[in-house]
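Please walk me through this structure, beginning with how its parts meet and ending with some of its strands.

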Amino acid sequence: MKIRCRSSKLGKVRFTSHRDAARIWERALRRAELPVAATEGFTPRPKISFGLALPTGAESIAEYVDIELRPDVADVDLDTLPERLSAALPNGFDVLVVAEREQGAASLQEAVTSVTWELWAPDLDRDAHIDACRLLDADVLELERERKGKRSVDDVRPMILDAQPTATGDRLVVRLATVGRALRPAEFAQLAYPDIEPILVRALRTHQWIDRDGQPDELLPLPAGLDARPVEVLA
């Protein structure tokens, strides 16, 4: 049996790296005594796989991990598993929903085609976010980027799929493609808010999308009535 978990990462734990977060999950699974399957060999590892890495410093209510359970496990109560796993994780990590993974489903990193972010900063208002939306009118948006020590100039316009301010105007909601060389929220902020240091722009990942018949579809929707957004922005 394989299960898929959707979780949040909020507050000060946003400074935890993707690799450290993976170690935290491994310890939590042992603490929760979940019967996780393991690889074979001299150094067996738990059979868990993570979705797209969250940039250090960003928050999220849409983090994913796939977990394979031991074949001798007949059944697991998925309804109580979110609370059970959340209790084993540090403050700031919460499991929001768990579901059985569909047979033959693609891996998380292969399946996701776009993600939605909310961006905000104390010095950004509705007008700044409206100006940022004008990036959608551009035919080409060149950005100098560095990956693995190599610098290049890329046209990132195809990676920006949608952008609009929230109803309150204090945040920008932007959907960015992940296929190919993905555009990070800090890189988008560099283009959208040229007068503000990108490090000052906060980012919250709210959705990860797969393509279903040409339309974006939620990878694992939240249960009706569950609002996973933080009540307040934690320092």
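**Where the two domains meet**

Between domain 1 and domain 2, ten residue pairs are counted in polar contact, with both residues of each pair at pLDDT 80 or more. On the side of domain 1 that touches domain 2, the largest share comes from strand β3 (residues 59–68), which contributes six residues. By character, the residues on that side of domain 1 comprise nine that are nonpolar, one that is polar and four that are charged. The model is a predicted one, and what follows should be read with that in mind.

The chain divides into domain 1, which covers 2–100, and domain 2, which covers 112–218, and the C-alpha centres of these two domains are 27 Å apart. Where they meet, 14 residues of domain 1 are in contact with 14 residues of domain 2, and the area buried between the two domains is about 1000 Å², with carbon and sulfur atoms giving 51% of that area.

**Salt bridges**

How many salt bridges does a search of the whole structure find? The search finds 16, while across the interface of domain 1 and domain 2 the rule finds three. One salt bridge that can be followed in detail is formed by E59 with R202, whose closest N and O atoms lie 2.8 Å apart. Because E59 lies in strand β3 and R202 in strand β10 (residues 202–212), this pair ties together parts that are 143 residues apart in sequence.

**Two hairpins**

Strand β10, in which R202 lies, also leads to a hairpin, since β10 and strand β11 (residues 215–218) pair in the antiparallel sense over four bridges. Within this pairing, R212 has Q215 in β11 as its bridge partner. Two residues stand between the strands of the hairpin, and D213 takes a positive phi near 55° there.

Another hairpin is formed by β6 and β7, again with two residues between the strands, and in its turn K148 has a positive phi of about 55°. Strand β6 (residues 142–147) and strand β7 (residues 150–155) run antiparallel and are joined by six bridges, and R145 finds its bridge partner in β7 at S152. For a reader tracing such strands in the model, it helps to keep in mind that in a regular strand the side chains alternate between the two faces of the sheet.

Methods. Residues numbered from 1 in each chain as written. Predicted model: local features only at pLDDT ≥ 70, side-chain atom pairs only at ≥ 80, totals over all residues. Heavy atoms only, no water. Domains from an automatic or database assignment. Contact = heavy atoms within 4.5 Å. Buried area = accessible area lost by both parts, 1.4 Å probe. Salt bridge = Lys/Arg side-chain N within 4 Å of Asp/Glu carboxyl O. Polar contact = N/O pair within 3.5 Å; in protein donor to acceptor, adjacent residues only side chain to side chain. Nonpolar A, V, L, I, M, F, W, Y, C, P; charged D, E, K, R; others polar. Pairing = 2+ DSSP bridges.
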